[in-house]
Amino acid sequence: MHIDSAKDVPSLVGLDMDELKAALASVGLEGYRAKQVWQWLYHHGVSDFEGMSNLSKAQRQVLAEHFTVARPVIHTHQLSEDGTQKWLLEYRDGNKAEMVFIPEKERGTLCISSQVGCTLTCTFCHTGTQRLVRNLTAEEIVAQVLVARDAIGEWPSPPDGRLLTNIVLMGMGEPLYNYDNVAKAMQIVMHSDGLNMSRRRITLSTSGIVPEIERCGRELDINLAISLHAVRDELRDELVPINRKYPLSVLLDACRDYPASSDMRRITFEYVMLKGVNDSDEDAHALVALMRHLPAKINLIPFNSWPGAPYECSSNNRIRQFARIVENAGYASPVRTPRGQDIFAACGQLKSDSERQSKSRLQNQA
Ligand code: SAH
Ligand code: SF4
């Protein structure tokens, strides 16, 4: 039996259990089949209906006529000399987004995207210069995890000894501007009948969309990272323009109230090191003062440059001196090692050519 699942039909990936039941019911499959299909998708990782061997041939056929479970197209897949892998995935409308897998001794972290591009315009971020933006659907967000698991050969979902242990929402886009799809995707990723990722091993990074921070804590209870980058409103207004709407005091109040924040589970504050902009001793002291009454981890990120970037990375000495002040205040090894630089996979370097793509498509249509 050959089933072509690449047709333009709705995907079963990214539906919650109730939606999956309804979709199967619409083609005459009983409710209990939803759990079977769910396990095929997220425990066994099948990407076509043929593999669903506890369904009859006729059932597989009818599913394949009406739905797809196919993966997005892997447009490019690169391997860095340090073992980091980067994929550019192409979705069904031709839009593209990147994801990165970072293997380390004790863990393997998948950095996924939540949007194509980003509507925000942080001045040091390459993604922010990409004009075309759309939200990724829950299907497209979950599919990133499935593609990564295909590549590292981690099916069926192993109970322990996994290579892909952590997920960070630190790729392209502002996840809290696409909260509903991100939340739905993370619920699927955490579901115990499938991928079964622990909420303790999922971290969402935000530039500080205050109203959604509370929701994220209450509904998802995953780890939070805040892109801080400046300790004074005047400078943060410039680097992270959403600060004009949600200034530091309001943002830090939301962090204090984050339900998951405790001594055991700290909020990560990301701070990009920009030469002569935010990297003085005074800034370092102000940073630790700002963190004083928060359950905080500090993560200093050496600025990763990109063509036309208006900043330079602070010198190694400056970063070391800044880190020393932070360490003396009780924060352990706060500097993030850049990974995958040879394949342009490091923080803030992700950008797809979706903008150009769409322009040429518009021209073709015209
Ligand atoms: N939009 C979200 C998540 C994606 S960015 C956010 O801003 O938090 C992930 C992290 O990389 C953020 O802390 C971001 O500020 C940082 N970053 C962006 N551009 C960077 C660059 N060029 N060098 C280093 N870090 C960068
Ligand atoms: Fe968007 Fe985050 Fe980049 Fe700012 S740092 S432009 S919020 S992706």
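**Reasoning through a predicted model**

Modeller: Pro156 is found in the loop between α4 and β7 (166-169). This is a predicted model.

Colleague: What makes the peptide bond from Trp155 to Pro156 cis or trans?

Modeller: Omega of that bond is near -15°, and the bond is cis. Most peptide bonds are trans.

Colleague: What is notable about phi of Asn196?

Modeller: Asn196 is a residue other than glycine, yet its phi is positive, near 55°. Most residues other than glycine have a negative phi. Asn196 lies in the loop between α5 and β8.

Colleague: Why are α5 and α6 called roughly parallel or oblique to each other?

Modeller: Helix α5 (residues 179-190) and helix α6 (residues 210-219) pack at an angle of about 15°. Angles under 35 degrees count as roughly parallel, and α5 and α6 are therefore roughly parallel to each other. Their axes are 12 Å apart, and the crossing is right-handed.

Colleague: Why are α4 and α5 called roughly parallel or oblique to each other?

Modeller: Helix α4 (residues 138-151) packs against α5 at an angle of about 40°, with the axes 8 Å apart. Angles under 35 degrees count as roughly parallel, and those from 65 to 115 as roughly perpendicular. The value of about 40° falls in neither range, so α4 and α5 are oblique to each other. The crossing of α4 and α5 is right-handed.

Colleague: Which polar side-chain atom lies 2.6 Å from an oxygen atom of ligand 1, and how do you know that this is a polar contact?

Modeller: The atom belongs to the side chain of Ser205. A polar contact is a pair of N or O atoms within 3.5 Å, so the 2.6 Å between Ser205 and an oxygen atom of ligand 1 meets the cut-off. An N or O atom in the side chain of Glu270 is 3.2 Å from an oxygen atom of ligand 1, and a polar backbone atom of Asn304 is 2.9 Å from a nitrogen atom of the ligand. The protein covers 95% of the 530 Å² of accessible area that ligand 1 has on its own.

Colleague: What makes up the shell around ligand 1 by class?

Modeller: There are 10 nonpolar, 9 polar and 2 charged residues. Of the 21 residues around ligand 1, those that come nearest are Gly173, Ser205, Ser227, His229 and Asn304. At least two shell residues are supplied by each of β8 (202-206), β10 (267-273) and β11 (296-302).

Colleague: Which residues are around ligand 2?

Modeller: Among them are Cys118, Cys122, Cys125, Gly173 and Glu174. By class, this shell has 4 nonpolar, 3 polar and 1 charged residues.

Definitions and conventions:
Residues numbered from 1 in each chain as written. Chains lettered and ligands numbered in written order. Predicted model: local features only at pLDDT ≥ 70, side-chain atom pairs only at ≥ 80, totals over all residues. Heavy atoms only, no water. Near = heavy atom within 4 Å. Polar contact = N/O pair within 3.5 Å; in protein donor to acceptor, adjacent residues only side chain to side chain. Areas by Shrake-Rupley, 256 points an atom, 1.4 Å probe, with all protein chains shown as cover. Helix = DSSP H or I, 4+ residues; strand = E, 2+ residues; numbered from the N terminus. Nonpolar A, V, L, I, M, F, W, Y, C, P; charged D, E, K, R; others polar. Axes fitted to C-alpha atoms, helices over the stretch in contact; angles between N-to-C directions. Parallel < 35°, antiparallel > 145°, perpendicular 65-115°, else oblique. Left-handed = near helix turned anticlockwise from the far one by under 90°.
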